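Please open the structure in the viewer and keep the sequence panel visible. The tour proceeds by selection, with a short account of what each selection shows.

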Amino acid sequence: MGMQRSLPAERILGRGHPRVDAREILTKYGTVIALLLLVVVASFASPRFLSPVNLMNVLRQTAIVGVLGIGMTFVILTAGIDLSVGATLALSAVLLAGTLDATGNIWLAMAAALLVGAFVGLANGLGVTLGRVQPFVMTLGMLGIARSLAFLYTKGEPIPVLEMDFLKLGIGYLWRIPVPSIVFLALLAVAAFALHYTRFGRSVYAVGSNEEAARLSGISVGRDKVLVYVISGLTAAAGAILYTAQFAAAPAIAGEGYELDAIAAVVVGGTSLFGGQGGVVGTFIGALIIGILSNALNLMGVSPFAQPLAKGALIILAVLLVGRGRRS
Amino acid sequence: MGENQPVLEVQAITRRYPGVTAVDGVDLALFAGEVHALLGENGAGKSTLIKMIGGALRRDGGRILLHGQEVDFRSPADALAAGIAVIYQELVLCPHLSVAENVLMGHLPQTPTMAVDWPTTRRLVATLLDQLGVTLPLEVPVARLSTAQQQMVEIAKALSRDSRVLVLDEPSAALGRRDLEHLFAVIRRLRERGVAIVYISHRLEEVFEIADRVTVLKDGALVGAWPIADVTMHGLVRAMTGRDLGMLAAPETTVGQPLKLEVRRLGRRGVFADVSLRLHAGDVVGIAGLVGSGRTEVLRAIFGADQPDAGEVLVDGEPVRFRSPAQALRHGLGLLPEDRKTQGLLLGRALRENLSLASLGRFSRFGLLQLGEEERAVRGFIQSLNIATRGPSQSVVTLSGGNQQKVVLARWLARRCRILLFDEPTRGVDVGAKEEIYRLIHELAEQGAAILVVSSELKELFAICQRIHVMREGRLVGEYAGESLREDRVAEAMLIGGASDGDAAVVAG
Ligand SMILES: Nc1ncnc2c1ncn2[C@@H]1O[C@H](COP(=O)(O)OP(=O)(O)OP(=O)(O)O)[C@@H](O)[C@H]1O
Ligand SMILES: [Mg+2]
C-alpha cells in the first residue's frame, strides 16, 4: 500500500473508451424513440397513415389537447395538477359563443374567453396558495363548478357559431398547415422560451423541485404558483377558441375528459408528476404520440370501446420507459 | 491489528460514472474489532465505495470478500443479511413510524396470525438499545427525534441484524460535541464486541480520537492505509489534499464601522426568548450552543423564514419586519440553511440553477436570463471553491455531499449579501475546502459584510469569529470577545450557562 496513482486528467477521461450509457439515452430520448416507433408501426398498419391529408388531420386533432398540455406542463412542473382545464374550456367556449352572438365582434369574443380562463386559473391559484387546498381537490372542485356554469349558461343547448372569419381559425390553412397547429406551435415556442430563458421559468422549476429551498432563496413561491394556474386557465381558453372554431359550435360538454388527455400528453412527454423535471418540448411529443395513436386506431378500424385500452397501455408503457432510465 | 484474516476485504473495486471514475481500483481490508477511518476530500469516492460494500450500488470491477468468501450483493437487504450494515450520509428511516418499528424494520416479530407481536418487539428493541447504553422512547415517531437520536435508531437497526461490519458515513457532521461523545461511547462498545467499523469524517481530531487505522482516498484512488499511530495530522492532510494547509487567525476586531444588523429582545414562544445581537460591518460573530438550543431558530426568525412574536430587528438602523425570506433578501440578508437536502438543494436540477437561485435578479434583465453572465459566475465559483464536478450542467443529486454543500454556500456568495446568516456553513466539507470557505468569509467581512455564524464545531467558530455568543435553552447566556474568548469558557457556558462572576462580561464592539 501507500502507492500513489491516478492522475486527475486520466480520471476525468474515464480511462479507455467512454461507455455509452443506455440508461442516459433512454431518459433523454425515450419519448422521441417511442414516437418514431409508433410512426413506423402506424405506417405499416395502415397505408393511409402517411398520406399528407391524414398527417394534417393528426396535427389538427393534436392541437387542442396540445395547447391544454402546455399550461398543464407549467402546473405539473410546480408539482401541482389542473383537473379543471376541460371544464374551463367549455365555460370559455360558451361565453365566447355567447359574446359573439350578442356583439358580432370576434376580438371581443376571444377576449371574453381568455378573461374567463384567466379568472378560473386565478381562482385555482388562490385556492391552492392562500387557501392551502390541495391542487387535486381545488381543481376537481373547479371542474364541477365550471362545467355546471357552462350548462347553466347554455341551458343545455349548444350555441352555434357561424362567423366565417372566426371559423377559419379552426378549419383554415396557413402555408398549407392547419391554423390550429400553427397556434399550437407558436404557443409552444413561447412556453419553451419562457421556461428556459426567463427568470419566471427558473422559478417554476425551483418551486417544483424543492419549494422550501426556493422560498428560502427569495423566490415568491405563492405568486409563481398562482401564475402557473393562470397560464393553465389561459391555455384552456385558447383551447376553447380552437374548439369553437373547429366545430362551429360551443356545447356545454365541450372538452369533456380533455384534462386527462392533456395530463397524459405531459406525462408521456417525460414531465414528472413530482415536479421540477420535464418541459413543453416533451409535452409536444407526448401530444403527438397520443394523437397518432388515436388516429392509427381509427384508421385500423379498432372499436371505440377498445381504444382507451390501447391508449392507457401506451401511457403506462411510455412512463415505464422514461422512469426506468430516470431512476438509475 | 495483524496477520489474522480480515472480516471484509475489498480488492481493486471500481465504479465509473459517465465522465468520471468515482472509485478506481481501491483495496480495503477490515478486521474484527477495529475502527477504520476512511478519509478523503469531497468527491474522493468514499460514499461511492461504501455504497458498493453495502449493496446499494453495483460495481464495475473488483471483488468483495467476506470472511474470505467472495460475495456479490444485489441489494442492501443482501448485505444486511450477510452482516454488513451501512448508515448513509442521509439517514433513511421511516419518519412516521415509531422507534421500535424502525429498529426492527423488515423483520418485525409476528404472532402466529401474522400480526405484529408488539410485546416481543418492545422487548427486543429495549434490549438492543440497552446494549448500546441509550434510552429512547419506543413508541414515538422518529421524525420527532433529534438527528443524534435518529442515528442511534439506525445503529440499533444495524445491530438488530447482528452485523459484523458497521459503516458510518459522516455520522458526526450533524452532531454537537456531547452527542459525539455519546456516539463514540457506543462505537467503543461495539468495537469491544468485535464489530469492524468504518468511520468516515472530515474532522481529523475525531479520527485520532476513535480510529485504529486509516485509509485515504484521493480522486477515487487509494493513497494508502496506515495504523493511526504511524500518521500525523499534517501527514493525513497532505495525503488527502496533496498540499500543506496554513493556519487561519480570526480577522481583526472592527472598530468604528456602521451598525448593520441589530436584534433587540427577539423571541418566539416556546423556542427562544430575549435574544439581542449587534453586528457591525466587517463583524464575524458566532453563536455557539448545543444542538437544539435554539440557534437555528434565531437565524430563521431574523430572516423571516419563521415569524418572531416578540422583539424587533433593525437593518442599517431601520426597524424591519420580514413577512417572507424574499423581503429579507431585498434588504440584503442571506441565510444558508442548516439542512442542505431539505432546505437548500433543488436535487434534480443542474448545479448552475442551484447556484444562481438567489441571484436571479442579478443574472437577468427585464425578466430574461443572461445565461452567459450566469455561466461565467458559476464557473468562477466552481474554481474558487474547488467543486468537484463535470460542469455547470451536472445535476446536484450526483455530486458528493461536501460538494453539494459548497454549491448552496456559493448560492449566497453569488448573491453578494451585506448581512449573511450562516447555519453550519461547512457541514460535510473537507479540510482544504473549509480553509477556502473561511478565507472567503474573511474576505466578505473585509469588504464590509456583517456575518453571523452558527456552528456545532467550536473550532470553526474560533477560526472565523471575533466574537462568540453562547446560546443555551433558548437564551443567550454569554458573550465572549478579546481576552475572554477562550475555548474552555465557551464550552463550559454551552453546557452549564455563563459564569456568574462577570466573567462572561460583554466586550461589545
Ligand atoms: N450518480 C452519479 N452520477 C455521476 N457522478 C456521480 C454519481 N454519484 C457520484 N458521482 C461522482 O463520484 C464522485 C465521488 O463521489 P462520492 O459521493 O463517493 O464522494 P465522497 O468521497 O463521499 O465525498 P464527500 O466527502 O463530499 O461526501 C464525485 O465526483 C461525484 O460527483
Ligand atoms: Mg460522501
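**First selection: the cysteines of chain B**

Select Cys465(B) and display its sulfur. In this predicted model, the closest cysteine sulfur belongs to Cys417(B) and is 18 Å away, which is too far for a bond. A disulfide would require the two sulfur atoms to lie within 2.5 Å. Applied over all chains, this rule gives zero disulfides. Cys417(B) is likewise in no disulfide, the nearest cysteine sulfur being that of Cys465(B). Are these two residues buried or exposed? Cys465(B) has a relative accessibility of 1% and counts as buried; Cys417(B), at 7%, also counts as buried.

**Second selection: helix 6 of chain B**

Next, select residues 177-192 of chain B, which form helix 6. Its 16 residues should span 22 Å at 1.5 Å a residue, and the end C-alpha atoms are 23 Å apart, in agreement with that expectation.

Now show the side chains of Leu180(B), Leu183(B), Phe184(B), Val186(B), Ile187(B) and Leu190(B), which are buried. Turn the view to look down the helix axis: the buried residues fall within an arc of 165 degrees, so they line one face of the helix. An α-helix has 3.6 residues a turn, so residues three or four places apart point the same way. On the other side of helix 6 of chain B, Arg178(B) and Glu192(B) are exposed.

Which elements does the buried face meet? To see them, add strand 3 (35-39), helix 4 (118-132), helix 5 (147-160), strand 7 (165-169), strand 8 (196-200) and helix 7 (204-210) of chain B, against which the buried residues of helix 6 pack. Following the chain beyond helix 6 leads to Gly194(B), whose phi is positive, near 90 degrees.

**Third selection: Glu41(B)**

Return to strand 3 of chain B and proceed to the loop between this strand and helix 1 (46-53), where Glu41(B) is placed. Glu41(B) has a relative accessibility of 14% and therefore counts as buried. Its side chain makes a polar contact of 3.4 Å with the side chain of Lys218(B). Beyond its neighbours up to four places away in sequence, Glu41(B) touches Lys46(B), His202(B), Leu217(B), Lys218(B), Met240(B), Thr241(B) and Asp430(B).

**Fourth selection: ligand 1**

Lys46(B), one of the residues that Glu41(B) touches, leads on to ligand 1. Select the ligand together with the 21 residues that surround it; the closest are Lys46(B), Ser47(B), Thr48(B), Ser400(B) and Gly402(B). Three distances merit display:

- From the side chain of Lys46(B), an N or O atom is 2.7 Å from an oxygen atom of ligand 1.
- From the side chain of Ser400(B), the corresponding distance to an oxygen atom of the ligand is 2.6 Å.
- From Gly401(B), a backbone N or O atom lies 3.5 Å from an oxygen atom of ligand 1.

**Fifth selection: Asn210(A) and chain B**

Finally, move to chain A and select Asn210(A), in the loop between helix 9 (199-209) and helix 10 (211-216). At 10% relative accessibility, this residue counts as buried. What does Asn210(A) contact, apart from neighbours within four places in sequence? Lys341(B), Thr342(B), Gln343(B), Gly344(B), Leu345(B) and Leu346(B) are in contact with Asn210(A). The side chain of Asn210(A) reaches the backbone oxygen of Leu345(B) at 2.9 Å, and a polar atom of that side chain lies 3.4 Å from the backbone oxygen of Lys341(B).

Note on methods: Residues numbered from 1 in each chain as written. Chains lettered and ligands numbered in written order. Predicted model: local features only at pLDDT ≥ 70, side-chain atom pairs only at ≥ 80, totals over all residues. Heavy atoms only, no water. Buried < 20%, exposed > 50% of the residue type's maximum accessible area, 1.4 Å probe, protein only. Helix = DSSP H or I, 4+ residues; strand = E, 2+ residues; numbered from the N terminus. Expected span 1.5 Å × (residues − 1). Arc of directions from axis to C-beta. Contact = heavy atoms within 4.5 Å. Near = heavy atom within 4 Å. Polar contact = N/O pair within 3.5 Å; in protein donor to acceptor, adjacent residues only side chain to side chain.
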